[in-house]
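User: I've got a structure open and I'd like to learn how the labels people put on it are earned. Can we go through it?

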Amino acid sequence: MIALARKTLIYEWRRFLPATLAVAFSGMLLLVQLALVLGIFESASTYITRSSADLWAGYPGTQSIDLGRPISRDVEMRLLMDPAVARVEPFQWVDGDWHGPVDLGSVSVFISGIDPSPRGLAFADVIPPALRLLLQEPGAVIVDRADLPKLGIGVGDRAILNGVRVRLVGTATGLRALGGVNIVTSLATARRLNQGVDDPGQVAYYLIKLKQPAAAAAVARRLDPQSAHRRYAVWTAQDFSARTVRYWLFETGAGLGVVFMSAVVFLVGAVITSQTLMGAVAGSVTEYATLNALGASYAALSRVVMEQATWIGTLGLLLGGVLSALVLAVAVGQDVPVALSPLGVLVCAGLVMAIALVSGLMAVRTLRRADPARLLR
Amino acid sequence: MSAMTTAIRADRVAKAFLSGKVRTQVLDGLSIELMSAELTLISGPSGCGKSTLLAILSGLERPDAGRVEALGERVWELDRAGLQRFRLQHLGFVFQGFNLFPALTALEQVMLPLGYLGLGHAAARQRAEAALDEVDLAHRRHLRPAELSGGEKQRVAIARALAKQPQLFFADEPTSALDARSGQTVIDILHRIARSHGATVLCVSHDPRLVTHADRVLRMEDGRILSDQRNPAAGPPLAEESSP
Ligand SMILES: Nc1ncnc2c1ncn2[C@@H]1O[C@H](COP(=O)(O)OP(=O)(O)O)[C@@H](O)[C@H]1O
Ligand SMILES: [Mg+2]
């Protein structure tokens with residue numbers, strides 16, 4: 001069989017280029033907007049993803065890490081009793097009010113109190129052991145490098161946090177939080193900052209390290225009290241982080257925004273692509289009509305058009321992938337938060353292919369004009 | 001060579017077109033018989049209904065009334081798929097426009113319909129090369145339409161139809177877009193196809209120069225056949241012409 005679709009595509013590549021570009025740019029737009037939104041909202045779960053805990057224990061029904069509420073101190077003992085548990089570490093969560101040395105007014109911040117020991121789980125990926133040890137100094141804090149201007153402070157400077165004098169001992173990258181600045185201190189410092197509560201030592205979360213991380217899901221199920229009146233719950237880090245991202249996506253309406261934008265991109269991509277394909281079919285309509293007269297069925301001709309659409313989709317997908325990679329690389333280089341999940345990439349790729357195929361189906365309708373009787377006029 | 005038999009018989013076919021509110025009766029009860037192994041030319045002025053008749057005989061346009069029997073098959077009683085299959089298996093077409101795919105070489109143009117016939121690549125290639133050879137284009141088989149002259153393009157179009165080895169071969173104004181010399185070559189090829197393949201070749205044209213090249217000439221005017229003449233002198237005898 002002569003590969004009519006492919007040969008035409010190669011020979012008349014100029015004619016098909018707009019469609020391929022439309023598909024490629026649609027793909028890039030879909031992927032990049034998803035990466036940006038996910039990137040922004042992944043920072044909502046920074047605390048979870050950048051810590052090396054396998055499980056988290058917290059207040060039942062907590063939708064997002066920033067909504068944590070204190071849980072009972074004896075949870076720690078109960079968790080430690082399980083033979084699968086290697087380590088349990090408190091994680092404090094306090095709202096803060098920051099006054100820097102430069103008067104920028106007060107800045108609303110989140111305070112994370114973590115275990116400053118080198119084996120600490122919280123922010124293990126972001127804060128190296130040496131930096132961590134510096135937190136043992138009372139009043140020592142660490143912030144994300146990118147938040148320095150907002151806080152009006154440099155390393156070594158002092159500031160007032162919740163009325164207590166603190167000192168910036170270092171910076172890290174990857175501590176940025178959504179909707180506020182994240183200040184990391186030791187558990188001891190956090191207790192001093194947690195004012196106006198009955199028990200300042202009561203923490204919002206316990207981080208759990210397992211002897212066998214692969215068993216996380218099963219152990220989480222076992223450690224969770226499972227009753228309706230439980231006073232704490234246990235989740236895998238993955239579940240908790242996904243729940244946090246989902247909460248932010250929908251709480252802020254951003255999730256709907258993504259869906260809406262995707263629909264717009266899809267529509268624009270499909271309109272341009274189908275117009276190009278229709279033009280290509282219309283341009284060859286007498287040739288198609290002749291083939292039809294010679295016995296090629298309408299279905300066979302439709303297959304040629306759909307094959308062209310599939311090629312355009314495939315080429316657009318590849319080109320769009322390269323474009324997206326470039327744009328995302330630039331974004332990463334500029335500290336723009338971007339993130340992608342395999343599922344997200346797959347959905348985008350599916351949408352891109354759908355743009356091409358829907359356009360193909362629209363172009364197939366143009367084939368109706370390929371009526372051989374018209375060749376006689 | 002196969003003896004001449006009736007290949008197509010049209011019985012009182014009628015066709016009218018409605019353009020706006022004006023109804024034009026193009027054909028009104030026309031009957032005609034076409035023989036195999038000869039080139040029949042329907043000649044007449046533009047607009048007299050030649051193409052309409054060709055379309056009805058070849059299963060491209062349904063008549064309002066009447067019956068068409070081709071190769072023993074009542075064409076207009078077939079369903080859509082049946083008609084499609086009939087055209088695929090038995091019919092060849094050449095039109096005024098060459099309608100070649102710009103992207104394909106002459107050889108690929110000719111091979112393309114053979115794929116729909118279910119021929120494998122090697123068999124299709126062999127047949128296509130033979131057909132191109134028959135229209136004297138073997139040496140140009142790797143060229144695309146943009147590199148061919150009008151006459152050559154029409155010959156590729158003929159080869160494309162011929163490679164299917166159709167019993168019925170229809171040509172609508174095949175020479176109208178060509179200069180006199182190329183036109184003569186084309187009509188001679190059509191003539192040869194009728195003689196050497198025993199095919200029924202129907203050519204319709206307003207070009208009076210073709211008259212001397214046909215075995216049989218029907219003069220048409222206003223949807224009616226005015227005269228039906230055999231032309232014993234048409235073309236050289238077969239033996240002289242196609243000795244290998
Ligand atoms: N699809 C159509 N719609 C309307 N009128 C048509 C159509 N096809 C042909 N006609 C008319 O029918 C008449 C005969 O046309 P045609 O068979 O093409 O003539 P010829 O091929 O002899 O030039 C012309 O007047 C033409 O305008
Ligand atoms: Mg005509």
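Analyst: Sure, starting where the chains meet: 32 residues of chain B are in contact with 26 residues of chain A, contact being heavy atoms within 4.5 Å. This is a predicted model, where local features need pLDDT of at least 70, side-chain atom pairs count only at pLDDT 80 or more, and totals for chains, interfaces and linings use all residues. Residues are numbered from 1 along each chain as its sequence is written, chains are lettered from A and ligands numbered from 1 in the order in which they are written, and side-chain values use heavy atoms, with hydrogens and water left out.

User: What is the area buried between chain B and chain A?

Analyst: About 2600 Å², with carbon and sulfur atoms giving 69% of that. Buried area is the accessible area (1.4 Å probe) that two parts lose on being put together, summed over both.

User: What makes A:K7 and B:E108 a salt bridge?

Analyst: The rule asks for a side-chain nitrogen of Lys or Arg within 4 Å of a carboxyl oxygen of Asp or Glu. Here the N to O distance is 2.7 Å, so the pair passes. The rule finds one salt bridge across this interface.

User: Which helix of chain B gives the most to the side that touches chain A?

Analyst: That's α3(B), with six residues. Helices here are DSSP runs (H or I, at least four residues), and strands are too (E, at least two), numbered from the N terminus.

User: Why is B:T105 called buried?

Analyst: Buried means under 20% relative accessible area, exposed over 50%, and partly exposed in between (1.4 Å probe, protein chains only). B:T105 has 10%, so buried is the right word. You'll find B:T105 in the loop between β6 and α3 of chain B. Leaving aside its neighbours within four places in sequence, B:T105 is in contact with B:R141, B:H142, B:L143 and B:R144.

User: How do you know that the length of helix α6 of chain B agrees with what it should span?

Analyst: The expected span is 1.5 Å times one less than the number of residues. For the 18 residues of α6(B) (180–197) that gives 26 Å, and the end C-alpha atoms are 25 Å apart, so the two agree.

User: What do the buried residues of α6(B) pack against?

Analyst: They pack against β3, α5, β7 and β8 of chain B. Among these buried residues are B:V186, B:I187 and B:L190. Just after the helix, B:G198 takes a positive phi of about 65°.
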